[in-house]
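User: I am new to this structure and would like to go through a few of its features step by step. Could you take my questions in turn?

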Amino acid sequence: MKFQGSDQYVATPDLMLAVNAAVTLQRPLLVKGEPGTGKTMLAEQVAEAMGLPLLQWHIKSTTKAQQGLYEYDAVSRLRDSQLSGVGDSEKVRDIRNYIVKGVLWQAFTAEQPVALLIDEIDKADIEFPNDLLREIDRMEFYVYETRELIKAKHRPIVFITSNNEKELPDAFLRRCFFHYIKFPEAETMQRIVDVHFPGLKKELLGAALKTFYDVRNLPGLKKKPSTSELLDWLKLLVAEDIPLEVLQSKDEKVAVPPLVGALLKNEQDVTLFEKLVFMQRHNR
């Protein structure tokens, strides 16, 4: 099976090639790129296109690698042992009743192949990727409490996303196939917008895209607007019935767009943009 994009996700040829290469090599696909470029959605769309269930593990700063494998709930077992009657003693004696299976365990023991998303791995502690090296490489792990080895029945298609908040260890990178999602060019962006707003007038879309890239290309921005923010902005333009003339600049100079708060998300960037517009208007 090869991924060839989907009706809901515009994938560039190099991205489709990366997905299929990772599947062929049976390596996790490590996807980096700016926030809002569709890294998480890629896993969802590949799973749907290939007819695979998708298991998702969203990483936080407090997430530990062990949680993806399993957790032993010793507190519940102790409480049950103190409160149990004759009928509950069997449950307390069997430690398996207090083993909570993690996402990796579920993926390894699934009866059919699955897709597994490890989302924003760079949010966790620096040791997190190293703690998963063996499991990701060999597709197995040992449960010490029950003395059993859990091996993958089917090797899952693994997607790992990163926003580059932390550098990942070389040993971990060696086990992955890497792809960086570049920010879409205007032509690709137009195809993405067409998926979400198929009836949008070409004149409005052209003016909106020009304004969007003018804002995005402003030097010194603390946070450049992303694809998801463009889609939010277009949704507002349509909902508020903003006329085309408001988006078009007669002298080709940058103007403050309506509903700019959908694109710029901090006061420094708004102030910087307003200063640029002021300077252009006064030919300074």
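User: How much space lies in the second largest cavity?

Analyst: The model is a predicted one, and a search of the whole structure finds two cavities of 30 Å³ or more. The second largest cavity is lined by Val256, Val260, Leu264, Val270, Phe273 and Glu274, and the space that lies in this cavity is about 30 Å³.

User: How do the residues of the lining of the second largest cavity divide into nonpolar, polar and charged?

Analyst: The lining consists of Val256, Val260, Leu264, Val270, Phe273 and Glu274. Because Val, Leu and Phe count as nonpolar while Glu counts as charged, the lining divides into five nonpolar, no polar and one charged.

User: How many charged residues are in the lining of the largest cavity?

Analyst: The largest cavity, in which about 40 Å³ of space lies, has a lining that includes Ile121, Ala124, Ile126, Pro129, Leu168 and Pro169. Asp122, Asp125, Lys166 and Glu167 are also among the lining residues. Since Asp, Glu and Lys count as charged, the division is six nonpolar, no polar and, as the number asked for, four charged.

User: Is Asp137 buried, partly exposed or exposed?

Analyst: Asp137 has its place in helix α8, which covers residues 133-138. Buried would require under 20% relative accessible area and exposed over 50%, so Asp137, at 32% relative accessibility, counts as partly exposed.

User: Which residue lies 110 residues from Asp137 in sequence and 8.1 Å from it in space, C-alpha to C-alpha?

Analyst: Leaving aside residues up to four places away in sequence, Asp137 touches Arg27, Arg155 and Arg175. The one that is 110 residues from Asp137 in sequence and 8.1 Å away, C-alpha to C-alpha, is Arg27.

Conventions: Residues are numbered from 1 along each chain as its sequence is written. This is a predicted model: local features need pLDDT of at least 70, side-chain atom pairs count only at pLDDT 80 or more; totals for chains, interfaces and linings use all residues. Side-chain values use heavy atoms; hydrogens and water are left out. Helices (H or I, at least four residues) and strands (E, at least two) are DSSP runs, numbered from the N terminus. Buried means under 20% relative accessible area, exposed over 50%, partly exposed in between (1.4 Å probe, protein chains only). Contact means heavy atoms within 4.5 Å. On a 1 Å grid over the protein atoms alone, a cavity is a set of points where a 1.4 Å probe fits but cannot get out, and a pocket is an open set with protein on both sides within 12 Å along at least five of seven lines; lining residues have an atom within 4 Å of a point. Grid points are joined across faces, edges and corners, and a volume is the space filled by probe spheres set on the points.
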